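Grab a pencil and open the viewer. Below are a few exercises, each with a worked solution to check yourself against.

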Amino acid sequence: MIKLNLPSYEYKLKKTEGKIFVFDIIRRKYVLLTPEEWVRQHFIHFLINQLNYPRVLIKVESGLSFNHLKKRSDIVIYDRSGDPWMVIECKSPDQKINQRTVQQVSVYNRTIKAKYVGLTNGLTHICCVVNHEERTTDLLDQFPQFNGIGS
């Protein structure tokens with residue numbers, strides 16, 4: 001797998017029927033290792049180990065509906081009240097972060113209504129704070145530390 005712009009961690013791999021799987025500490029199971037999953041797993045560990053996001057408040061690949069379409073958000077972090085605090089879209093390292101990918105996570109957040117939206121391909125990371133009342137989005141210099149006190 002490609003070297004990412006994220007801290008490494010001690011991942012667990014296994015091979016079954018010629019396919020490689022990586023252990024997901026959130027879902028507590030081995031999942032098929034794809035380039036996007038490689039990014040997602042590294043980013044989850046970055047959030048937990050570097051930014052103090054509690055593992056119990058992270059949900060991976062949760063379903064949501066938007067305009068009667070079933071969608072799947074990559075990572076949702078909840079605050080201690082159980083409200084969505086941040087939604088993060090993970091892309092493969094070979095997929096550029098552009099307006100289309102930013103639009104995708106923004107569409108998800110119209111339903112989720114998290115305070116923060118993030119986007120990563122493992123090489124480039126973007127985080128924005130969203131003001132839903134004023135309909136504004138401001139780019140941050142970095143992902144925030146978890147404070148967990150709600151939006």
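A pocket, on a 1 Å grid over the protein atoms alone, is an open set of points with protein on both sides within 12 Å along at least five of seven lines, and its lining residues have an atom within 4 Å of a point. Grid points are joined across faces, edges and corners, and a volume is the space filled by probe spheres set on the points. Before you start: this is a predicted model, where local features need pLDDT of at least 70, side-chain atom pairs count only at pLDDT 80 or more, and totals for chains, interfaces and linings use all residues. Residues are numbered from 1 along each chain as its sequence is written, and side-chain values use heavy atoms, with hydrogens and water left out.

**Exercise 1.** Describe the largest pocket and its lining.

*Step 1.* Start with the volume: about 430 Å³.
*Step 2.* Now find the middle. There are 19 lining residues, and S106, R110, V130, H132 and T137 are the closest to the centre.
*Step 3.* Sort the lining by type: 8 residues are nonpolar (Ala, Val, Leu, Ile, Met, Phe, Trp, Tyr, Cys and Pro), 3 are charged (Asp, Glu, Lys and Arg) and 8 are polar (the others, Gly among them).
*Step 4.* Ask which element gives the most: helix 2, with 6 residues. (Helices, H or I with at least four residues, and strands, E with at least two, are DSSP runs numbered from the N terminus.)

**Exercise 2.** Work out the order of the 3 strands in the open sheet, and find its edges.

*Step 1.* Two strands pair if DSSP finds at least two bridges between them. Here the order is 1-2-3, with antiparallel pairing.
*Step 2.* Strand 1 (13-16) and strand 3 (29-32) each have a single partner strand, so one side of each has no neighbour in the sheet.
*Step 3.* Zoom in on strand 1 and strand 2 (residues 19-24): 4 bridges join them. One of the pairs is K15 with I20, and another is L13 with V22.
*Step 4.* Look at the turn of this hairpin: 2 residues sit between the strands, and E17 there has a positive phi of about 50°.

**Exercise 3.** Decide whether W38 is buried or exposed, and list its contacts.

*Step 1.* Locate W38: it lies in helix 1.
*Step 2.* Buried means under 20% relative accessible area and exposed over 50%, with partly exposed in between (1.4 Å probe, protein chains only). W38 has 7% relative accessibility, so it counts as buried.
*Step 3.* Leave aside neighbours within four places in sequence, and W38 is in contact (heavy atoms within 4.5 Å) with M1, I2, L4, Y11 and L33.

Methods
On a 1 Å grid over the protein atoms alone, a cavity is a set of points where a 1.4 Å probe fits but cannot get out, and a pocket is an open set with protein on both sides within 12 Å along at least five of seven lines; lining residues have an atom within 4 Å of a point.
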